[in-house]
Every structure is written in C-alpha cells, then in structure tokens.
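Biologist: I am new to this structure, and I would like a close look at one chain rather than a tour of everything. Please walk me through chain A, and explain each term as you go.

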Amino acid sequence: MSGLRILVPVKRVIDYAIKPRINKAQTGVETAGVKHSLNPFDELSIEEAIRLRERKGPIKVEDILALSAGGPKTPDVLRTAMAMGADRAFHIDVPEKGDAGLEPLTIAKMLQAVVKEQNVNLVLLGKQAIDGDQGQTGQMLAGLLGWPQATQASKIEIKDEAGTIEVTHEVDGGVETLRTKLPMVITTDLRLNEPRYASLPNIMKAKKKPLEKKTLADLGVEDVRKLKTVKVTEPPPRKGGGKVEDVDGLIAKLKELGAL
Amino acid sequence: MIPIARHSVLRAARAQLQPTRKLSLPTSSALARLLSTLAVLEQRNGKLESSSFSAVAAALKLGGSVTGFVAGSGVKATSAAEAAKIKGVEKVLAVDNDAYEKGLAENYASLLVENIKKGEFTHVIAGHSAFGKSVLPRVAALLDVQQISDITGIESEDTFVRPIYAGNAILTVQSTDKIKVITVRGTAFQDVEVEGGSAEVVDGVDPNVPALTEWVSEELAKSERPELATATRVVSGGRGLKSKEEFDRLMLPLADSLGAAVGASRAAVDSGFADNSLQVGQTGKNVAPQLYLCAGISGAIQHLAGMKDSKVIAAINKDPEAPIFQVADVGLVGDLFDKVPELTEKLKSA
C-alpha cells in the first residue's frame, strides 16, 4: 500500500454544553443564534488522522481530507479541522431547510462518491453526531463500499506496509480487538484520544489551506428524505422531589417511594 | 401479570373489538396479517443477550407475525431453542455456523440481508446494543433504507418515537421505506415472557460471505453484579469519588448492600475510576432501573440522557446547586465520603 489517504467527515452541531430548545411549531430544535461547534466525536477522528501522520507508522499519511455537508456556516468547522491538521477540505453545499438536514444514508452515499473520486483508503468518522444521535453513517458507508468496519474504536494500529490494521473497539461488556486490511471505515469513541486545541498560528495557516465547495449533484447524489418528522416535543419533565437532612431521611424516603 | 394474547389471530380479533386502538392504519386486522417482523437476536456462547428480549418485545408491540433470527456456533441446540420458548415468537430462523459467532458486521450483515429478502419481512428490529449498532446500519444501507435508531416508542407500523439531542427532545418520525430497519432502546421495551412459546426452529439461508475482519481477542470486565443495562437497581459514582481506590472502597459495598449494578459518569471513567463499559449517559449505556442512586455526580446533560427514565433517582452530592438535584426524587446534600459508608452500613443492618 503506497500511502494513506484519509477522509474525515465532520458535522457542525449545536455545542454539547447547550440545552437545546424546541421551536414553537414543534418541527425541530431552535438553531438560530445558538452556539455551534464541531461534533465532539469528529474532533476525535481528526485528531486520530493527525496522530497516524505523526506516529510515522509503516504507511505514510499522504492526505487528510476533511469534509462536511451543510449550509453557509459549514466552512467554520472545516477551518477548525484544518487548523488541527487536516490538509484540505470539501464543503458540500446543502441548502438549509430548517430541518434535521441530510439523512445518514444520503451522507453515506455522498461519502462513497468522494471515497471513489479521491481514492481514499481510510475513512474515520465519529461514532455518532450529538444532535441526531443516530450512529449510522460509518456503518452504512462501509456497507455501501463493501469495506470492513470497526465501530467505537478506542485504539487503532497499522501493523505493516501491506495495510494490516488492528482496531480495539468498545463493546457492551468491555473491549474487543479486530484485525483486518485497509481500506476500511472506522468510527471513533471517546476513549480513542484527547483532541488538541488549534493554536493561533495554525488557525491562521488553516485560512490558506484549500477549501473546495461542491454540491450533491457534483457527486451524483440526490437529497432523498425517507423519514418525515411528525413532531418534535419536550421530554416529559421530571421534577426534583426535594432534599432530605440525613442518611436516615434518605432511606425513609426511598422506602416511601417503594425503591427499597 | 395478565397473560397477554400475542398470537396474531387473537390480536386481530382484539383490534376489531377496540377500533380506537393506536394502530391508526386502515384496518388493524388486515395490517396484522401483512406485518411480518424479523427480530434479530444477539447471542453469546449459546445464550441470548438481554438486547434480544427487547427486540422481541418491540416486535410484539408492533403486531403481526414475529420471527426470531439467531446465528452462531451450534445455535440450533442452544440459543435458537431458547428463543423458540419466548411467548409470541412464531418461528426462529437459525444459522449454525462458527463464522457468525462473534457477530462480525461484514458477514453478519450480508447474512441478514439474504434472510430478510427471502422472508419478505416488513420490519427488522434489533436491540440498540453494540452489536445492533454495528450491524443494523450496514444492513439498512445494503437494503437502501434509512434506519431508525434507538426508538423508545411505537406509534404505528411506520411511525416511531426516538430521543434526539441527548434526550432533550423527543422526535416522532414516520418512515416511508418499504422495509423498516429499527434498533430499540432496551429500557423502553421489556417484559417478554421467556417461557410458554413453542416456535418452530428452521434453518435460515446462509450465503457464506467471507468475513473481511478477523476477531482477535476480547477483554470483558468481569463482575458478579447484575448487568448494568438491565439491573433493577443501579449505584453510580462520579468525579467526586476522587480515585479508583475510593470508588471501589465506597461504591462497591454500597452496590452489594442493594444488590445493584455499578455505573459511573464519564468523568469517573475518563479518570480511570471505573471501566469504560460502566459509563452511563448519551454515549455510554442507557439505564432505567427502579432505583438509580448516585454519588458525586453533578448531573451534566450527557449523563442525564442515560438515566433520567429511572423510576426513582436518589443523589448524594455536596453541592446543593448541582443539576442532579433538579431531577432527583430524593437528594442528600453532604460529603459522600461520610454519607455513602453510613448508608451502606444502615442498609446492611436493615
């Protein structure tokens, strides 16, 4: 295998620390004027791509391409990705319709087209976006490409020049290690690494890195929506039941509530 | 518990007697005949995992016929037989082949696709466990359908309810796909009767697609305590425990005094106090026990996402302003290093 050409799809989402508000029409979550950031799991995948380059493993990293689909503010997160160390970026321009955006299957098809066009041999994605919480895109992409997949990776090791790769990933009772060959699709979990902060000089440099704008049509993909939002509502509120003075009070209250 | 008639004939009859039932399609009786659901069962070493029962529970809730699917080493004699006894399952498709024992997504997804096509299923349901999360989206893509993940409710055969934004919003979504591929939240679908069924076990089709990955090893956290995702009581510790030693010294005896499973916040897991697999929250496990008792957890959005459906929440925290107190049914403000051992002692002697 000559070199690693890594694709890192990223998503701009409402910042993880913000409590989302549901709009009056109950069609979605209020996004206007709300702080947005790079999806936390996507930061991990960018970081991992950069570390694969820095680690100088048996295969040299040739290219790290960040990609994001969305409206006019999407380049913000792509610049962040490039400030962290991605070489270049694609902004797939998708008009904002005030809804949840592209569905994972459409995104997977779009990524499949980019993988082919750009001759990518490793795709690193976050295990889920913290807005839709679907956790599907990576697996769908792997399925469409017929490539091996590893979800919720906590350790990635490229073993040799032939592209043998070992991925340790989180499963329900602990971790599991898989061995396969590149090309492959990996989704990242929290424990994979600690993403770096972009330094000011790198943020300045990122402004000069190439950012190409494309459309879904350029990639031969249609924006099909198979799921219709019926409504978006508040979860049933939960009220605190007040405080007790001491441990005896705690036990008495738990007994009263039937929990003991 | 009142035995609920699960068979489709009875179900259809019942639906006609109650025309106001939730299934809002033309006629429920006709629908019940058309719906056929494949419940993907997860098994390990010949035993069904708890996610399997959730998949069946959701499939039964949907109505129509329910077929179980299980694959792995010698499953016909073991987990398939176990599945055949679940009340309401009409048939179990079993594929005996070592290649599927570890549930590797690549060959398992191809296997499922073949069986879904052959059986002409309208719905495919699996638990939202690590296995279901890994395999089902791959299946959905191969079938060219948009999956619906981690549902907590079924409104009708095509309309489902799922939490988004870490459970801060509830989305009701309608699928226009011909085949509905769904993963279900375990805590929202329970109470299947594991005895009393008598499904027929038949061989599924086996396309024998070669696995692209090789299973190397696993490291599972061993514990005598109940499984976190299904425990009726959960005791959970956070950053306030300060170290792994303190976590083990304080939380484990408390868990034992209650017969509870042990959970942890992300902060506790990241700091190495507890194993990753014990993390409760948006990106860890979802739990909904009878009692969720936590100590030293402030109650960040991401943590609440994983436990706020618990029946009773109790919290011990020294900060009276901690957000956890806004959701806790009972809160105790105090130093957990004093309160937790005292609580453990008093529960033991009670």
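Modeller: Let's start with three words you will meet throughout: a residue is buried when its relative accessible area is under 20%, exposed when it is over 50%, and partly exposed in between, using a 1.4 Å probe and counting protein chains only. The model is predicted, so local features need pLDDT of at least 70 and side-chain atom pairs pLDDT 80 or more, while totals for chains, interfaces and linings use all residues. Residues are numbered from 1 along each chain as its sequence is written, chains are lettered from A and ligands numbered from 1 in the order in which they are written, and side-chain values use heavy atoms, leaving out hydrogens and water.

First, the overall picture of chain A. Its C-alpha atoms fill a box of roughly 70 × 40 × 40 Å along the principal axes. The chain has six helices and 13 strands; these are DSSP runs (H or I of at least four residues for helices, E of at least two for strands), numbered from the N terminus. Of its 260 residues, 55% are buried. Contact here means heavy atoms within 4.5 Å. Among contacts in chain A between residues at least 6 apart in sequence, 71% join residues at least 24 apart. The accessible surface comes to about 11700 Å², with carbon and sulfur atoms holding 51% of it; such areas come from the Shrake-Rupley method with a 1.4 Å probe, and for residues only the protein chains shown count as cover.

Now for the charged pairs. A salt bridge is a side-chain nitrogen of Lys or Arg within 4 Å of a carboxyl oxygen of Asp or Glu, and the structure holds 37 of them over all chains. One joins Arg5(A) to Glu62(A), with the closest N and O atoms 3.3 Å apart. This pair links distant parts of the chain, with Arg5(A) in strand β1 (residues 4-9) and Glu62(A) in strand β4 (residues 61-70), 57 residues apart. Arg5(A) is buried because its relative accessible area is 15%, whereas Glu62(A), at 44%, is partly exposed.

Another salt bridge is formed by Lys35(A) and Asp15(A), at 3.7 Å from N to O. Both residues lie in the loop between β2 (12-14) and β3 (36-38) of chain A, so this pair ties together parts that are 20 residues apart in sequence. Lys35(A) counts as exposed, at 52% relative accessibility, but Asp15(A) has 10% and counts as buried.

Within helix α1 (residues 40-55), Arg51(A) and Glu47(A) sit four residues apart, about one turn of the helix. An α-helix has 3.6 residues a turn, so residues three or four places apart point the same way. The side chains of Arg51(A) and Glu47(A) meet in a salt bridge of 2.7 Å, N to O. Arg51(A) is partly exposed at 28%, while Glu47(A) is buried, with a relative accessible area of 1%. Elsewhere, salt bridges that share partners join Lys155(A), Glu157(A), Lys159(A), Glu166(A), Arg179(A) and Glu214(B) into one network.

Two helices show how cover can vary. Helix α2 (residues 74-84) of chain A is mostly covered, with eight of its 11 residues buried; among them are Val77(A), Leu78(A) and Met82(A). Gly85(A) follows this helix and has a positive phi, near 150°. In helix α5 (residues 200-206) you will find Leu200(A), which counts as exposed because its relative accessibility is 59%. Leu200(A), Ile203(A) and Met204(A) form a nonpolar surface patch with about 280 Å² of accessible area together. Patches are made of residues with over 30% relative accessible area and no salt bridge, joining like charges within 9 Å and nonpolar side chains (Val, Leu, Ile, Met, Phe, Trp, Tyr) within 5 Å.

Finally, the neighbour. In all, 75 residues of chain A are in contact with 86 residues of chain B. About 6700 Å² is buried between the two chains, 53% of it from carbon and sulfur atoms; buried area is the accessible area (1.4 Å probe) that two parts lose on being put together, summed over both. Arg138(B), Gln146(B) and Tyr165(B) supply 11% of the area that chain B buries against chain A, more than any other three residues. Six salt bridges run between the two chains. Arg238(A) forms a salt bridge with Asp329(B), and their closest N and O atoms are 2.8 Å apart.
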